[in-house]
Amino acid sequence: MRSTSRLWLPLITLALLGCAGKPTVMDQQKLHSLSLYDESNRARFTVYISCTSSDWRAENICTKTKFVFAQWADEREISVTPVDVNNSLFTQDELQGWRLPVLAENKPFVMAIHLSPEVTPAFGSVMDNAGRALAVGSKLARVGYSAKIRVFDATSGKMLEQISSHEFLSVKPEADTAPYMGATLADLVSNLDPSYDPGRPATPKH
């Protein structure tokens, strides 16, 4: 059953300042050169994703990130499986055949995504146990992610490309970070799959 809300993320309220950001940075030419989609725009790959966090804020996002990719997987019929960051998909440049996931029909590629979300409160802000801001600091905070994307030939195990991606946004004081993090993850998915509309959450304009 599909979720009725797209890219739902936990409502983490932080002391945040400003409102600015950069669009998703990704080398689209490398992705396009691999023919990851067939003539009908169906995906020719399976996805394995790992998410690592530096604190409880990022951990909350890691926990919910799977729903973002599950929505994409459900609508685009793509197999998405969570794996540990120490998996050989992230540690080796050429994999032995027995270490590769089972080769699915018409899925000649394996995409491995290592995502590192970041939710940094404003410098000097004071938080309560629920993550609500009690006082606002003076340094800009930011919300976003960095990611490494590796694409393998599912038959030979050879790594074909390694691509970095990142996007960070700075937002207003005491803002709800959910739409901002949702927006960056929607941008990531739409860059991986340009024909798919992930329903990017609206973020305030300033």
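**Reading the core and the disulfide**

Visitor: Which residues does L192 contact, leaving aside its neighbours within four places in sequence?

Guide: This is a predicted model. Beyond those neighbours, L192 is in contact with M26, L31, Y37, F69, W72, M111, I113 and I149.

Visitor: How do I read such a set of contacts?

Guide: Start from the general idea. In soluble globular proteins, nonpolar side chains tend to be buried together. Now the case here. The largest nonpolar core has 34 residues. L192 is among those with the most contacts inside it, alongside L36, F45, F69, W72 and M111.

Visitor: Which elements each supply at least two residues of this core?

Guide: Two helices and four strands do: helix 2, helix 4 (178-192), strand 2, strand 4 (109-120), strand 7 (142-153) and strand 8 (159-170). Helix 4 gives the most, with 6 residues.

Visitor: What lies apart from this core?

Guide: Another core, of 10 residues. Y48, V83, A112 and A154 are among them.

Visitor: How many disulfides does the structure hold, and how do I read one?

Guide: Look for two cysteine sulfur atoms within 2.5 Å. The structure holds 1 disulfide. C51 and C62 form it, with their sulfur atoms 2.0 Å apart. The angle about the S-S bond is -80°, and the link is left-handed.

Visitor: What does the pair tie together?

Guide: C51 lies in strand 2 (residues 45-51) and C62 in helix 2 (residues 56-76), so the disulfide joins parts 11 residues apart in sequence.

Visitor: Is C62 buried or exposed?

Guide: C62 is buried, at 11% relative accessible area. C51 has 27% relative accessibility, so C51 counts as partly exposed.

Technical notes. Residues are numbered from 1 along each chain as its sequence is written. This is a predicted model: local features need pLDDT of at least 70, side-chain atom pairs count only at pLDDT 80 or more; totals for chains, interfaces and linings use all residues. Side-chain values use heavy atoms; hydrogens and water are left out. Buried means under 20% relative accessible area, exposed over 50%, partly exposed in between (1.4 Å probe, protein chains only). A nonpolar core is a set of buried Ala, Val, Leu, Ile, Met, Phe, Trp, Tyr and Cys residues joined through side-chain atoms within 4.5 Å. Contact means heavy atoms within 4.5 Å.
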